[in-house]
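Me: I've got this one open on my screen and would like to talk it through. Can you walk me through the main points?
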Amino acid sequence: MLLIQCPYCDEALPELEFAYAGEAHIARPADPSALSDEEWRDFLFIRTNTRGPHFERWRHIHGCGQFFNAVRDTVSDRFLMTYKAGEPRPVLNALEAAE
Amino acid sequence: MSDVAQALGGASFTGFARVEELAPQGMISFRGDLSDPVVQEALRAATGLEMPAQRGIVQAEERALGWMSPDEAILLMPHAALGGVLVELRAALAGQHHLAVDVSDARVTFRLSGPGAREVLAKLAPVDLSPAAFAEGELRRTRVAQVAAAFWLSGAEEIALICFRSVARYVFDLLAVSAAEGGEVRAF
Amino acid sequence: MSRYRIPGKGRVDPSAPVTFTFDGRRYQGLRGDTVASALLANGVHLMGRSFKYHRPRGAVTAGSEEPNALIGTSRGPGRFEPNTRATVQELRAGLVTESQNKWPSLAFDIGAVNDRAYMLFSAGFYYKTFMWPRSFWDKVYEPFIRAAAGLGKSPTEPDPDTYASRNLHTDVLVVGGGAAGISAALVAARSGARVVLVDENPEMGGSLLSDPSIRIDGQGSWAWLADQLSQLRAAGVKLMTRTTAIGYYHQNMLGLVERVTDHLDQPPQGAPRERMWHVRAQQVILAQGALEKPLVFDGNDRPGVMLAGAAQTYLNRYGVKVGDCAAVVTSHDSAYYAAFDLVDAGGRVAAIVDTRPTVRADLVEATRKRGIELLTGHTATATYGRLRVKGVRVNPVSGSRVGAGRKIACDALLISGGWTPSLHLFSHTKGSLRWDAESRTFLPDHKTEACQIAGAGRGLWGYGPALEDGVKAGMAAANALGRNATPTGARVEGDRPGTGTSQKELPTDRSAGKAKAFVDFQNDVTAKDIRLAVREGMRSIEHVKRYTTNGMATDQGKMSNINGLMIAADALGKEPPQVGLTTFRPPYTPTSFGAFAGYHKGATFELTRKTPIDPWAEAHGAVFEPVSLWRRAWYFPKAGEDMHAAVARECRATRASVGMFDASTLGKIEVAGPDAVEFMNRMYTNPWTKLAPGRCRYGLLLGEDGFIRDDGVIGRLSQDLFHVTTTTGGAARVLNMMEDYLQTEWPDLDVWLTSTTEQWATVAVNGPNARKVLAPLVEGLDMSDAAFPHMSVAECRVAGLPARLFRISFTGELGFEINVPARHGLALWKAIHEAGQAYDICPYGTETMHVLRAEKGYIIIGQDTDGTVTPQDAGLDWAIGKAKKDFVGKRSLSRPDIVAPNRKQLVGLLTEDGSKLEEGAQIVLDPNQKLPMTMAGHVTSSYDSTALGRPIAMALIQGGLSRMGETVHIPMPNGTIRAKVTSTNFYDPEGERLKA
């Protein structure tokens, strides 16, 4: 069982309290009607399926209830960092160097 | 009131620790920006308590004010006082976006007491309940077996635990099984 | 005193005899014995039969890695445990044990015929022996394999024991209570860290318990051990014995299983049998030592052949000599000390046979001094005896030439093929191993977790190095925690250093093809099997493992992996690291299901949610059904009624007069804020802006993909406050979805949400007399149709209780839903029930609710929809706010796939023969087409309708809405049923009854 740092509770807490919520940084288009079928398809279904550091969303569902973002390495299943929703996508190189 | 039904009729169990379903108390779920001084002042005015920091709870007499998330607080009070608190909150925050909802009936409160109280919970919750890690003033929201729960130290050797009403039987049974004589571990 | 017990030796209590039975015979052992040590003390070596060939077997180890001595143990009804390792199970008074895998008896076993049919069971036999003919697969082979598979018998009765679990958080967890682990724990604890030290044995000490002659800091090793343990206690270390670390998971989470009562004569009241500890440690120190492995040669599995280290343990820890005259075959120095201890205790050792050409001078000297014959540069080529070893055949080896054989008589043969560092837990973490060419073994390399490895696990040998390494590990752990630790030193006298080598099967002068040289004892895998696997094309060790089953027994290759690898590498002509090592997985040792289940059994197995009205339903004989996690009243049978009759009566009563229904499980969400209406507009398909306070609307919720996710009636209580209801199963999902959009997509919207699902108890009252029942109970509201029309909501008092009253209907009848605070739910229910007596009010359950709504064509999310149904598919176009620019899922409604013709659409079905269709039945358009037929859809809902006097059904059918009046076909086992496609609105299509 992983420990996940909730950026809102500011504490590493058991995975049992969290729920995965899909890939991060896929913003809903401001005007979906302006999108072509292909663009809308990509928004709906196309995901990076990364091998390695993956930007993803989690919710501290049995804790503070907040959605937040995380970078998790899909190979090692290790969290490189977590950050609040709305914060910019962190730079990977610096993270990996810190690893 | 004779028509007030407790979820388990005030069930209790005594093993190496005591487990009791408490009489329903007043409980308000407050949604708002807790970092807003106006909100903090309104909560202080309504409860007489200072909004605690992250993951904290403050208690005095029969009232308590707890941090549930950056935008959610829980207010506890005698049930008879609930209406007044709601009125006061609404008055203090008139025109200010917030949501205060009576959730007294949505949840049940259990009290674990005795020297083994921490032991009982440590069997069911995945968080560190040692005195060093879980002290008075901490409000812990986590899982108890398969359900969500919140708990805090409500006194010396006494833990208050709240969970949804519909799972009261499940949680009580688990607490009772965990508190049964012969199952002491004494590991803290 | 038993024949093989040596007075004055061992840690058993000679004054405390313990009686037990094995295969019905009574034996006496001593307190402190294991079943294996007690049987050996009585001269019993034959303890089991092997899995495949049913060969007679004895204990080959003295620990948890034992592959052979698996027994059934019992303690009264239900308390039977198969596959207990006799080397682990402590003796307790009255213990009943039995051998396994034999018939009719252990000494004479019919199944041993398999041993003669060797060719049928060689490597890959599953894929060869059972191939032809095809017709034998399920009639002959499978029953045979099923009958033969498995070792012990499963218990047949429910397990009356309880099992516990416990979470524990600590600074340092030390696994292994031997010399290295003890010194590590003490150093770490003295730095102020919280330390837990666990060991799978009944007492701490590890191999020190088998080496009493060592002296540490001027004391005998056992005295030193006792002293260290009291120092550990004084330093606050939590010592846990009989506790096995079974798995090492992410971020230093370990699973420990503590055996609480299996060793006790009489378990204390209330004590669990086992306790699973979930430990989260900041730092982990693995000090699990090393495991001895056998030498591989013909007949190395005969009872009486055992690992030299095991014999040393039986002697020193249990005071048992394993035979009158032993012989030793070894490739490691450690076996010499076993021989020396045996001789020094008055036993006889005929010879030490070493496969290595030269041996350390001091060992040679010590061997000679004890009058033991030493044969270096020799091989073992056979053993003699049937149920007990009687001798070993040894031959000199010179280069690749094996000389003439010679028999050495013995009744115990101690073998040692060297030691394998116990790195199973380390491997669980995906820590990598590196091949050490010098010691010919794998050692820990790259770590993925905050852990240290100390002692023999790192390939270190001898107590001096182990103690020193433990201190180092303890220091490192303390330092990593930011603590200052003080190093300690220990002076070891009479240490037993040693080296050895790992090798393939021993050379022989006989036909290697006829040799039964076992690598994996439990799975009966021989050296020949591994070579055969390589010959047949297996290249990776993973393939060799699965083809031969080497290492797949319950010991997970603890004894066999390295030997198997050596042989496979030799056969492939590669170095061992190029062939690789299979992966170790949890659990480290076999673990009971009970330990995993813990408290999750019986009443606390599964969470059951109950409504405030549930006690009334139970008291009134309701039959319940699970709906998501809730239990809901399904129907209320009266005496003599079956389900069909009860539901028909409930339906009739509700349509004719009035029925009442517990709808408390519906999800409820308070949506509040100045932007609440905008939020509702964006979330739901429907338009909300013009919905007046006090009015309700059916809301439809899609995913962004355009498929229906949820629905429910939503009331607007004031300009900026909505009372949203969701489906029972969708409550948490919908709240999660709303929070997601609010928090991450539209943080600019001023809206707050709070779930009130459990705050309100909800009673639905439906039927032409619903108003008549309720009106007298309602205060503060004009309930007339004019003042409170269909789809209205108001706050008022009902039966004296504060309430939110909705006029809505999920039945097609005049309907109301009353919400009161949950504590008053039961009171409200009773009040309505009482008030309704004048109208024969009928409590009904979920089945009747389903029938009544189906008669109206109202859908159930998840029954009539399956995550691929759009509003158009479900005939719910009308619920879409066409003028709205956007809402969740809107863009998808014009996706090419969504607007494509011939999508499955929801329609009604009426069978021509009046039979009731089966839900899930497939529908075809042409019943005469060739098989396999093209499915055009399926039945989603099907009920007997009392209102219509015939069965009705709903179905998703390709292009269904354009097939009105057509006939479709439902092929069933007893013939094809014809049905007419209709509207789903079967009853009162004009909706007149709603307006009553």
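**Chain contacts**

Reply: Sure, starting with chains A and C: the area buried between them is about 2200 Å², and carbon and sulfur atoms give 46% of that. Keep in mind that this is a predicted model.

Me: Which residues of chain A lose the most area to chain C?

Reply: Those are M1(A), R28(A) and F67(A), together making up 30% of what the chain A side buries. In terms of contacts, 26 residues of chain A touch 27 residues of chain C.

Me: And how much do chain C and chain B bury between them?

Reply: About 3800 Å², with 56% of it on carbon and sulfur atoms. There, 45 residues of chain C are in contact with 50 residues of chain B.

Me: Which three residues of chain C supply more of that area than any other three?

Reply: R166(C), W752(C) and R823(C), which supply 24% of the area that chain C buries against chain B.

Me: OK, switching to sheets. What's the strand order in the open sheet of 5 strands in chain C?

Reply: The order is β17-β25-β18-β19-β20, and the pairing is parallel. At the edges are β17 (305-307) and β20 (373-375) of chain C, each pairing on one side only. From one strand to the next, the twist averages 20 degrees.

Me: What packs on that sheet?

Reply: Helix α8 of chain C, residues 334-344, does. α8 touches β18 (325-330), β19 (348-354), β20 and β25 of chain C, and its direction makes about 170 degrees with that of β19(C).

Me: Back to the edge for a second. How many bridges pair β17(C) with β25?

Reply: 3 bridges, in the parallel sense, with β25 of chain C covering residues 412-416. If you want a spot to look at, M306(C) stands opposite L414(C) in β25(C).

Me: Which sheet has antiparallel pairing?

Reply: An open sheet of 3 strands in chain C, ordered β11-β10-β30. Its edge strands are β11 (219-220) and β30 (492-493) of chain C. Strand β10 (residues 215-216) of chain C pairs with β30(C) over 2 bridges, and R215(C) has E493(C) as its bridge partner in β30(C).

Me: Now helices. At what angle do α12 and α13 of chain C cross?

Reply: Roughly 120 degrees, with the axes of α12 (residues 527-535) and α13 (residues 541-548) coming within 10 Å.

Me: So are they parallel or oblique to each other?

Reply: Oblique: angles from 65 to 115 degrees count as roughly perpendicular and those over 145 as roughly antiparallel, and α12(C) and α13(C) are therefore oblique to each other. Their crossing is right-handed.

Me: Which residues meet there?

Reply: From α12(C) you have D529(C), I530(C), A533(C) and V534(C), and from α13(C) there are V544(C), Y547(C) and T548(C). That contact divides into 5 nonpolar residues, 1 polar and 1 charged.

Me: Last topic, backbone oddities. Where are the cis peptide bonds you'd point me to?

Reply: One runs from P586(C) to P587(C), with omega near -5 degrees. P587(C) lies in the loop between α15 (576-579) and α16 (593-597) of chain C. Another goes from L931(C) to P932(C), with omega near -10 degrees, and P932(C) is in the loop between β48 (922-923) and β49 (937-945) of chain C.

Me: And what about the phi of N101(C)?

Reply: N101(C) has a positive phi of about 60 degrees, although it is not a glycine. Look for N101(C) in the loop between β7 (95-99) and α2 (113-116) of chain C. For context, most residues other than glycine have a negative phi, and most peptide bonds are trans.

Key. Residues are numbered from 1 along each chain as its sequence is written. Chains are lettered from A and ligands numbered from 1 in the order in which they are written. This is a predicted model: local features need pLDDT of at least 70, side-chain atom pairs count only at pLDDT 80 or more; totals for chains, interfaces and linings use all residues. Side-chain values use heavy atoms; hydrogens and water are left out. Two strands pair if DSSP finds at least two bridges between them. Helices (H or I, at least four residues) and strands (E, at least two) are DSSP runs, numbered from the N terminus. Axes are lines fitted to C-alpha atoms, for helices over the stretch in contact, and angles run from 0 to 180 degrees between N-to-C directions. Contact means heavy atoms within 4.5 Å. Angles under 35 degrees count as roughly parallel, over 145 as roughly antiparallel, 65 to 115 as roughly perpendicular and the rest as oblique. A crossing is left-handed if the near helix is turned anticlockwise from the far one by less than a right angle, and right-handed if clockwise. Ala, Val, Leu, Ile, Met, Phe, Trp, Tyr, Cys and Pro count as nonpolar, Asp, Glu, Lys and Arg as charged, and the others, Gly among them, as polar. Buried area is the accessible area (1.4 Å probe) that two parts lose on being put together, summed over both.
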